[in-house]
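Student: I am new to this structure and would like a close look at one part of it. Please take a single helix, and then follow what lies around it.

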Amino acid sequence: MKKSKIELEFNLKNPSLNVVWIAVGTPAGMAEWFADNVVAETNTVYSFLWDGYEQKANVIALKPFNYIRLQWEEDKGTDAFFEMRLSINELTNDMVLHITDFTPEGEEEDAILVWNKQIEVMMRKNGL
C-alpha cells in the first residue's frame, strides 16, 4: 500500500520544554493523549493500545527534548514513520511541534483531522 507523507506544525506559546517533551517523547505522556495506553516493552519497542487493539512501533531515532521517530512494525522495510519534533520559532520565541506522518494515499485529510484533534487533546491536558 502506497503512503503519502504529511507534515503539520503546531505553535505552543510559552510552554515548558520538559512538559511538552514528556507529553510527546515518553510512553506515559503519549498514553495521556495519543492512545488509550502506551507501554515501553523495551527501550526501542512501544506497544500502543486503542479499544483492545494493539499496535507496536519501533523507536528508530530519538534525541531527548528534540524529537522522537517511530515506525509501526507493519511499515518495517519501508520509508514510512511518524515523528514528533520540537523547535523554537526564532521570531516569536514560541515552541513549535512538528508532526511528520505517512498515511495511506487518499486518507491524508482524515489523518490531518486525527492529528489536529489529538494535538488539541494533548495541549488541553498539559495546559498548553
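Tutor: Let us begin with the length of helix 3, because at 1.5 Å a residue its 18 residues should span 26 Å, and its end C-alpha atoms are indeed 26 Å apart, which agrees. The expected span is 1.5 Å times one less than the number of residues, and helices (H or I, at least four residues) and strands (E, at least two) are DSSP runs, numbered from the N terminus. The model is a predicted one, in which local features need pLDDT of at least 70 and side-chain atom pairs count only at pLDDT 80 or more, while totals for chains, interfaces and linings use all residues. Residues are numbered from 1 along each chain as its sequence is written, and side-chain values use heavy atoms, with hydrogens and water left out.

Within helix 3, the buried residues are Ala 111, Trp 115, Ile 119, Val 121, Met 122 and Met 123, where buried means under 20% relative accessible area, exposed over 50%, and partly exposed in between (1.4 Å probe, protein chains only). Their cover includes strand 1, helix 1 (17–25), strand 6 (82–88) and strand 7, with contact meaning heavy atoms within 4.5 Å. After helix 3 comes Gly 127, which has a positive phi, near 65°.

Two of the covering elements deserve a further look. In strand 1 (residues 3–12) the side chains alternate, with Ser 4, Ile 6, Leu 8, Phe 10 and Leu 12 buried on one face, whereas Lys 3, Lys 5, Glu 7, Glu 9 and Asn 11 point to the other and are not buried. Strand 1 pairs with strand 7 (residues 95–104) in the antiparallel sense over 10 bridges, and two strands count as paired if DSSP finds at least two bridges between them. In this pairing, Leu 8 stands opposite Ile 99 of strand 7.

Helix 3 also takes part in the largest pocket, which holds about 430 Å³ of space. On a 1 Å grid over the protein atoms alone, a pocket is an open set of points where a 1.4 Å probe fits, with protein on both sides within 12 Å along at least five of seven lines, and lining residues have an atom within 4 Å of a point. There are 16 lining residues, and Phe 34, Trp 72, Asp 101, Val 114 and Trp 115 lie nearest the centre of the pocket. Strand 7 and helix 3 each supply at least two residues of this lining, and helix 3 gives the most, with five.

Note on methods: Grid points are joined across faces, edges and corners, and a volume is the space filled by probe spheres set on the points.
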